[in-house]
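Hi,

Here is the structure I said I would pass on. Have a look at it first, and my notes on the ligand site follow below.

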Amino acid sequence: MATVEPITETVVPKLRVADYVELTKPRIATMALVTVAVGFLLGAPTAEFRADLLVHTLIGAGMVAAGGSALNHWLERRADARMHRTANRPLPAGRVTPAEVVAFGVALGVGGVAYLALMLPSPAAAIAAALTGVLYVAVYTPLKRMTTWNTVIGAVPGALPPVIGWCAARGDVTPQVWSLFAILFVWQLPHFYSIAWLYRHDYARGGMKMLPVLDHSDGRLTGWATALTCGVLLFVTAAPTAVGAAGWVYLVGAIPFAVWFLARCVRFAMVRNDRTARTVLRGSLVYLLGVMALLVADGVLPRYLGN
Ligand code: HEM
Ligand SMILES: CC(C)=CCC/C(C)=C/CC/C(C)=C/COP(=O)(O)OP(=O)(O)O
């Protein structure tokens, strides 16, 4: 009688690329890199535009953004397990180990800063990127569980990417770049307050001190915080023209985007439901892409087209 050989399987741990990609928050990182590129393009002196430096900047800043996000996943693995939106992330779902994520995050973050320092003529962009990463991971992330002000503080690293691009192109910081910083800084408040309202029950479960979790007025405070900060954004949208980083074509194109976005925020403040909140979230992304495109079209293209 023939004996049946027992089937022995060699278990080879599978590197799941999709999980590592998810750890880098690729959509947020891509949008942040758009703002890095716009900062670079606006900051670059015409005569010395260097496409190679732009590519190095995007690689290095992309590594820092990706590493920071991985470390944010690691720091929030327990809270993420309690929230529906994040429970299936690679760490709470057990598809990667905490040690792997720390190694991945530190390697990308440190590697990205080193890459910028080595590949660019000035250390300014590497310093700005290191500051961005540290503020995001070591200041903003722990503050999410401590104070509602976390969003305002988190908006600082979120607004630094155009400064990284500007530093990479010029090697220094000049006043015009702060108009880009200001747009990004203020933009994040309506962008996130609507999201925070959308996921308010989740954030409460995760112990995150977001505005709607502490808002005892049935979301009215969060709604009007969204509309008010978007109202401020309408004025800040004019800053690049006011400081000479862009011209009138930008302004005439950007103000309608800001008014359109504000209308969505006011609608959300008046009628708070998942649909109006998502309209603000989508509106925020359209506003940002529109304004970034206009900055390039008005502030940058004419320089290279010889006008
Ligand atoms: C205080 C700062 C910020 C916070 C707390 C925040 C938080 C979030 C959250 C939780 C989502 C997911 C919404 C969902 O799953 O429905 C989201 C979406 C998004 N955010 Fe932000 N964000 C901030 C700043 C930024 C910045 C600086 C950028 C890039 C410039 C950005 C770009 C995006 C994009 C592109 C999406 C849509 C893609 C996606 O759903 O993953 N955010 N944001
Ligand atoms: C070097 C470089 C370009 C850095 C990029 C910096 C950057 C885009 C920071 C994003 C800011 C931010 C608070 C994002 C998401 O919130 P969250 O992490 O709290 O979202 P979650 O609730 O989904 O975890």
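A good place to start is helix H9, which spans residues 177-198 and contains His 191. Bear in mind that this is a predicted model.

What does the iron atom of ligand 1 have as a protein donor? Just one atom turns up: NE2 of His 191, at 2.2 Å, is the only protein donor.

H9 matters for the rest of the shell too, as it gives the most to the surroundings of ligand 1, with five residues. Helix H2 (26-43), helix H7 (150-159) and helix H15 (274-305) join H9 in each supplying at least two shell residues. In total, 20 residues surround the ligand, and the closest are Arg 27, Tyr 140, Gln 188, His 191 and Tyr 199.

If you want to set up the polar side of the site, these are the side-chain contacts to oxygen atoms of ligand 1 that I have:

- Tyr 199: a polar side-chain atom at 2.7 Å
- Arg 27: a polar side-chain atom at 3.0 Å
- Arg 278: an N or O atom of the side chain at 3.5 Å

As for the make-up of the shell, twelve residues are nonpolar, five are polar and three are charged.

One last thing: where does ligand 1 sit relative to the two domains? Domain 1 (12-173) and domain 2 (175-298) both contribute residues to the shell, so the ligand lies between them.

Cheers

Definitions and conventions. Residues are numbered from 1 along each chain as its sequence is written. Chains are lettered from A and ligands numbered from 1 in the order in which they are written. This is a predicted model: local features need pLDDT of at least 70, side-chain atom pairs count only at pLDDT 80 or more; totals for chains, interfaces and linings use all residues. Side-chain values use heavy atoms; hydrogens and water are left out. Donors are N, O and S atoms within 2.8 Å of the metal (3.2 Å for Na, K and Ca); water is not among the atoms, so sites may look incomplete. Helices (H or I, at least four residues) and strands (E, at least two) are DSSP runs, numbered from the N terminus. A residue is near a molecule or strand if one of its heavy atoms lies within 4 Å of it. A polar contact is a pair of N or O atoms within 3.5 Å; within protein, one must be able to donate a hydrogen and the other to accept it, and residues adjacent in sequence count only if both atoms are side-chain atoms. Ala, Val, Leu, Ile, Met, Phe, Trp, Tyr, Cys and Pro count as nonpolar, Asp, Glu, Lys and Arg as charged, and the others, Gly among them, as polar. Domain bounds come from an automatic or database domain assignment.
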